[in-house]
Amino acid sequence: MPPPPPTSAHSHPPPSLTPPAHRLRHVLLDMLADKAVSHGARLPSERQMMESFGTTRITLREALTQLEAEGRIYRENRRGWFVSPPRLRYDLLACLPFREMVESQQRRADTYVLEATQRPASARIAARLGIMEGTPAYHIVRARHVDGRPVLYVEHHLRTDCFPGILDHDLESRSLTELYRSHYGIRVSRVSFELCSTVLDERAADALRAAVGGPAQRVTRINYDQNGRAIDCDDELWRHDAIELTLSAAPQNGG
């Protein structure tokens with residue numbers, strides 16, 4: 001009997017050897033490509049998909065999770081699976097307020113205040129703001145939606161000596177950056193960023209109607225005023241499929 005033909009390192013396994021979840025992923029991709037399935041559309045229930053595709057819950061969940069990791073679909077607790085809408089372009093250097101950034105891309109922005117208090121600054125927050133640990137700082141927690149979908153959980157920490165009484169203002173319809181400028185005469189002149197991939201903790205997941213431990217993009221920002229003083233810092237947790245981070249800068253000479 002002749003030996004079997006050699007196989008290439010790049011050859012694909014025959015269908016019979018392809019993992020069931022991988023095959024189902026392609027079936028689901030075909031479903032998502034259907035023009036009738038628009039951005040933001042809800043997928044059939046998991047039970048309906050199990051019956052329609054003749055598969056098990058374990059295989060279905062594995063395929064759905066693969067597509068979620070790719071940013072093609074997303075899940076909301078107690079609501080099901082949805083087709084991911086186009087990502088929001090988040091230009092770090094533009095430093096646009098959330099509402100302005102969203103509306104410039106013909107999308108709808110909404111903000112909801114979850115907490116607005118004053119409390120002692122932790123060592124981490126104090127180091128960012130250049131104040132002593134335990135110094136009072138404002139703590140504002142907001143959930144931000146794009147086209148009705150919760151995509152951003154953000155915790156703001158503000159120096160109280162820079163913004164006395166700011167908690168009395170409307171923090172849902174007004175931009176903090178605009179408030180700084182119009183009411184306190186402070187403008188943001190420099191921003192530093194830290195970016196990393198992370199997972200959603202319980203509070204962020206609840207605000208975003210997502211699963212605890214789900215993938216997220218963390219953007220930590222420190223804002224400095226016209227005198228070089230750190231005035232606030234933000235910890236943003238975005239649904240990982242909601243944004244596309246961009247950065248445009250002129251190259252330095254001699255590169």
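## Helix packing, cores and sheet

The crossing of helices H1 and H3 is right-handed. This description rests on a predicted model.

Two packed helices are described by the angle between their axes and the distance between the axes. For H1 and H3, the axes come within 8 Å and cross at roughly 60°. An angle of 65 to 115 degrees would count as roughly perpendicular and one under 35 degrees as roughly parallel; H1 and H3 are therefore oblique to each other. On the H1 side, the residues that meet H3 are Pro-20, Ala-21, Leu-24, Arg-25, Leu-28, Leu-29 and Leu-32. Their counterparts in H3 are Thr-59, Leu-60, Glu-62, Ala-63, Leu-64, Gln-66 and Leu-67.

The largest nonpolar core has 16 residues, and the members touching the most others are Leu-28, Leu-32, Leu-43, Met-49, Leu-64 and Ile-73. Each of the following elements supplies at least two residues of this core.

| Element | Residues |
|---|---|
| Helix H1 | 20-33 |
| Helix H2 | 46-53 |
| Helix H3 | 57-69 |
| Strand E2 | 80-83 |

H1 gives the largest share of this core, five residues. Leu-28 touches Met-49, Phe-53, Ala-63, Leu-64 and Leu-67, with residues up to four places away in sequence not counted. Apart from this core lies another, of 15 residues, which includes Val-154, Val-219, Trp-238 and Ile-243.

Six strands form an open sheet in the order E4-E5-E6-E9-E8-E7, and their pairing is antiparallel. Strand E4 (109-120) and strand E7 (188-199) are the edge strands, each pairing on one side only. On average, neighbouring strands of the sheet are turned by 15° against each other, direction ignored. Within the sheet, strand E5 (residues 136-146) and strand E6 (residues 149-159) run antiparallel and are joined by ten bridges. His-145 has Pro-150 in E6 as its bridge partner.

Thr-198 lies in strand E7, one of the two edge strands. Its relative accessible area is 24%. Buried means under 20% and exposed means over 50%, so Thr-198 is partly exposed. Leaving aside neighbours within four places in sequence, Thr-198 is in contact with Gly-214, Pro-215, Ala-216, Arg-218 and Leu-237. Of these contacts, Leu-237 is 39 residues from Thr-198 in sequence, and the two C-alpha atoms are 8.5 Å apart in space.

Methods: Residues numbered from 1 in each chain as written. Predicted model: local features only at pLDDT ≥ 70, side-chain atom pairs only at ≥ 80, totals over all residues. Heavy atoms only, no water. Pairing = 2+ DSSP bridges. Helix = DSSP H or I, 4+ residues; strand = E, 2+ residues; numbered from the N terminus. Axes fitted to C-alpha atoms, helices over the stretch in contact; angles between N-to-C directions. Core = buried A, V, L, I, M, F, W, Y, C linked by side-chain atoms within 4.5 Å. Buried < 20%, exposed > 50% of the residue type's maximum accessible area, 1.4 Å probe, protein only. Contact = heavy atoms within 4.5 Å. Parallel < 35°, antiparallel > 145°, perpendicular 65-115°, else oblique. Left-handed = near helix turned anticlockwise from the far one by under 90°.
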